[in-house]
Amino acid sequence: QVKNKAPAEVQITAEQLLREAKERELELLPPPPQQKITDVEELNDYKLRKRKTFEDNIRKNRTVISNWIKYAQWEESLKEIQRARSIYERALDVDYRNVTLWLKYAEMEMKNRQVNHARNIWDRAITTLPRVNQFWYKYTYMEEMLGNVAGSRQVFERWMEWQPEEQAWHSYINFELRYKEVDRARTIYERYILFTLLVIVHPDVKNWIKYARFEEKHSYFAHARKVYERAVEFFGEEHMDEHLYVAFAKFEENQKEFERVRVIYKYALDRIPKQEAQNLFKNYTIFEKKFGDRRGIEDIIVSKRRFQYEEEVKANPHNYDAWFDYLRLVESDADAETVREVYERAIANVPPIQEKRHWKRYIYLWINYALYEELEAKASKRTRQVYQACIELIPHKKFTFAKIWLLYAQFEIRQKSLPLARRALGASIGKCPKNKLFKGYIELELQLREFDRCRKLYEKFLEFAPENCTSWIKFAELETILGDIDRARAIYELAIGQPRLDMPEVLWKSYIDFEIEQEEYEKTRNLYRRLLQRTQHVKVWISFAQFELSAGREESLSRCRQIYEEANKAMRNCEEKEERVMLLESWRNFEEEFGTDTTKERIDKLMPEKIKKRRKLQAEDGSDAGWEEYYDYIFPEDTANQPNLKLLAMAKLWKKQQQESEAAEMDPDKDIDESQS
């Protein structure tokens with residue numbers, strides 16, 4: 001029975017128990033005592049017991065090769081070579097595919113200087129397991145260490161018949177080079193290259209480079225160049241590798257063949273994709289900086305930018321800005337055929353949607369193409385073909401580009417083909433009339449002084465766009481220049497009679513200026529009256545008054561003052577008070593310059609009073625948005641008709657008097673001073 005059931009002061013956990021047990025396992029046991037064998041019988045007894053132990057282990061598990069190796073090594077340590085050999089042979093009967101077993105067996109024979117036995121084992125090993133490269137390496141190394149160069153070469157030849165991997169061939173080549181057998185090494189290279197051509201589907205370029213460097217190292221430069229050329233021919237354009245061309249170029253650079261180097265780099269850069277030619281381009285740049293001139297370095301930069309643009313247009317063929325940059329680069333450097341090829345590729349990317357906003361950038365490719373053919377290539381026939389192809393491509397029923405038609409016509413004029421230019425512009429007006437086309441055609445005929453054609457064009461233009469005030473004005477100006485005043489006046493009359501105009505104020509002003517230039521003042525007054533019947537705008541009144549003032553006659557001042565009077569009466573009911581203020585200010589300026597004191601005093605009485613007011617604002621949803629202050633004008637002429645305004649003025653006067661009386665009561669000293677004074 002446990003009397004004290006309280007917990008112990010020192011608690012021991014299960015983890016501590018396990019840790020302590022593990023630590024005790026690691027404690028070193030005392031080594032067994034050394035056994036000293038003093039006579040032969042004791043030695044034989046020890047050997048018997050040891051062999052029995054090994055045999056028992058082997059009998060328990062024959063497939064554990066480590067037991068066989070330990071057994072053989074123990075026999076070897078006793079100088080029992082025959083017994084060890086027997087054990088290895090028994091082990092090979094169990095597992096002849098074990099590489100370690102063969103290696104240990106051959107190493108034992110070599111240690112004990114049993115060369116023929118070792119050769120026999122290596123022969124058996126490479127015959128049994130010919131794909132184990134370690135056997136071949138060991139065998140050839142042993143023969144070479146024994147000085148049997150012919151035997152080692154014979155082993156290499158047997159190995160090569162099995163078509164081993166790359167390192168085996170290079171080992172054979174290095175073996176021949178160690179004994180200065182350069183011709184034999186070249187023959188092995190040729191055999192290996194032939195092997196790669198016949199057996200390997202995608203041979204590696206580094207083998208060709210190694211072969212060429214071997215020839216270069218031994219000063220066979222012609223052979224090295226031939227190897228590079230064969231490699232380039234073998235790989236062709238389908239499997240081009242930048243490493244081959246870099247190595248080839250560096251070889252030629254070492255031979256001081258700089259033109260050859262340039263040709264190699266350019267050939268490779270033109271055919272290898274940009275993303276695979278970074279190292280190639282880098283080496284080309286370094287070469288040009290070392291041995292090239294300024295032109296060569298510029299060529300490299302152009303080539304790099306060309307690669308970049310090619311990638312951009314390949315990623316997005318409808319990126320017309322990239323095409324513009326690419327074409328600008330090509331035009332500055334390449335020949336005409338290359339430029340034409342790039343232009344053809346660019347214009348082949350027609351916008352997929354027939355909307356003008358998608359065609360605006362594209363159409364400039366055609367324009368630049370035509371300008372290049374005309375100005376740079378000096379090929380007028382091709383220029384005409386470019387313009388015609390562009391015109392055929394544009395869907396004129398949906399939209400057109402006047403710029404193309406006009407540029408084509410101007411080109412034909414430069415080629416002295418006026419009928420073709422007129423035919424092109426006539427076709428443009430017939431297919432897709434536009435203001436720019438009419439203006440361009442009319443300007444052309446004006447320069448040619450074909451005024452009858454201009455009249456016909458203006459008539460067609462006005463039939464197409466009768467609301468265009470500018471065209472009416474230009475037509476009338478043309479007739480004025482030609483001296484046909486009646487026709488010009490008739491055109492103006494037709495123009496102002498149109499029901500819809502885009503800029504009527506400009507048209508009326510032009511008509512009025514025309515009559516003033518002809519000094520037809522009565523007709524000008526009639527025009528102003530007709531215009532005022534249509535609009536009561538303040539600027540029309542002011543312009544009418546200024547016209548009367550500038551007429552230069554005796555009654556001009558009275559006429560001008562009369563116009564101002566009429567304008568003031570007409571604008572009393574105008575809602576825009578600022579316009580009425582503008583009229584009165586203009587009238588006041590007139591009176592200050594030309595009027596008398598009476599007229600000045602009268603206009604001063606007509607000037608309005610500017611007051612500040614408040615009005616309520618409403619938001620879009622109808623809610624209250626606060627108050628807003630604004631300025632309003634109160635005209636004296638309107639005050640007489642509005643008694644409320646008189647009452648407001650009297651209230652303001654009373655408030656002012658009240659403020660003055662309160663100020664006097666607050667300051668009695670001031671009253672005393674005033675009484676004393």
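1. I413 is partly exposed, with a relative accessible area of 31%. In this predicted model, I413 belongs to helix α22, which covers residues 402-414. Setting aside neighbours up to four places away in sequence, the contacts of I413 are L418, A421 and L444. Of these, L444 stands 31 residues from I413 along the chain, and the C-alpha atoms of the two are 9.6 Å apart.

2. As to overall composition, the protein has 36 helices and two strands. Of its 677 residues, 38% are buried. Among contacts with a separation of 6 or more, 47% join residues that are 24 or more positions apart.

3. The largest nonpolar core comprises 95 residues, and those with the most contacts inside it are W323, I363, L365, I404, L507 and L583. The surroundings of L365 may be listed in full: beyond four places in sequence, L365 touches Y320, W323, F324, L327, Y343, A346 and I347. There is also a second, separate core of 79 residues, which includes V155, I188, I209 and A231.

4. On cysteines, the structure holds zero disulfides. C390 has a relative accessible area of 1% and therefore counts as buried, the limit being under 20%. C454 is likewise buried, because its relative accessible area is 0%.

5. Helix α3 has 13 residues, and the distance from its first C-alpha to its last is 18 Å, close to the 18 Å expected at 1.5 Å a residue. Its buried residues are I65, N67, W68, I69, Y71, A72, W74, E75 and E76. The cover over these buried residues includes α2 (40-60), α4 and α5.

6. K79 follows just after α3 and takes a positive phi of about 65°. K79 is not a glycine, and its place is the loop between α3 and α4. Most residues other than glycine have a negative phi. With a relative accessibility of 64%, K79 counts as exposed, because the limit for that class is over 50%.

7. A similar note applies to K256. Phi of K256 is near 65°, again a positive value in a residue other than glycine. K256 sits in the loop between α13 (242-254) and α14 (258-271). The relative accessible area of K256 is 59%, so this residue is exposed.

8. Helix α4 runs over residues 81-94; at 1.5 Å a residue its 14 residues should span 20 Å, and the end C-alpha atoms are indeed 20 Å apart. I81, A84, R85, I87, Y88, A91 and L92 are the buried residues of α4. Seen down the helix axis, these buried residues fall within an arc of 160°, so they line one face of α4. The face turned away from the buried side carries the exposed residues Q82 and D93. Among the elements that cover the buried residues of α4 are α3 (65-77), α5 (99-111) and α6 (115-128).

9. S152 lies in helix α8, residues 149-160. The relative accessible area of S152 is 0%, so this serine is buried. A polar atom of the S152 side chain lies 3.4 Å from the backbone oxygen of T140. Leaving out residues up to four places away in sequence, S152 touches T140, E143, E144 and F175. T140 thus appears both in the list of residues that S152 touches and as the owner of the backbone oxygen at 3.4 Å.

10. Helix α30 extends over residues 538-550; its 13 residues should span 18 Å at 1.5 Å a residue, which agrees with the 18 Å between its end C-alpha atoms. The buried residues of α30 are V538, V540, W541, I542, F544, A545, F547 and E548. They pack against α28 (504-517), α29 (521-534), α31 (556-570) and α32 (577-594).

Key: Residues numbered from 1 in each chain as written. Predicted model: local features only at pLDDT ≥ 70, side-chain atom pairs only at ≥ 80, totals over all residues. Heavy atoms only, no water. Core = buried A, V, L, I, M, F, W, Y, C linked by side-chain atoms within 4.5 Å. Buried < 20%, exposed > 50% of the residue type's maximum accessible area, 1.4 Å probe, protein only. Contact = heavy atoms within 4.5 Å. Disulfide = S-S within 2.5 Å. Helix = DSSP H or I, 4+ residues; strand = E, 2+ residues; numbered from the N terminus. Expected span 1.5 Å × (residues − 1). Arc of directions from axis to C-beta. Polar contact = N/O pair within 3.5 Å; in protein donor to acceptor, adjacent residues only side chain to side chain.
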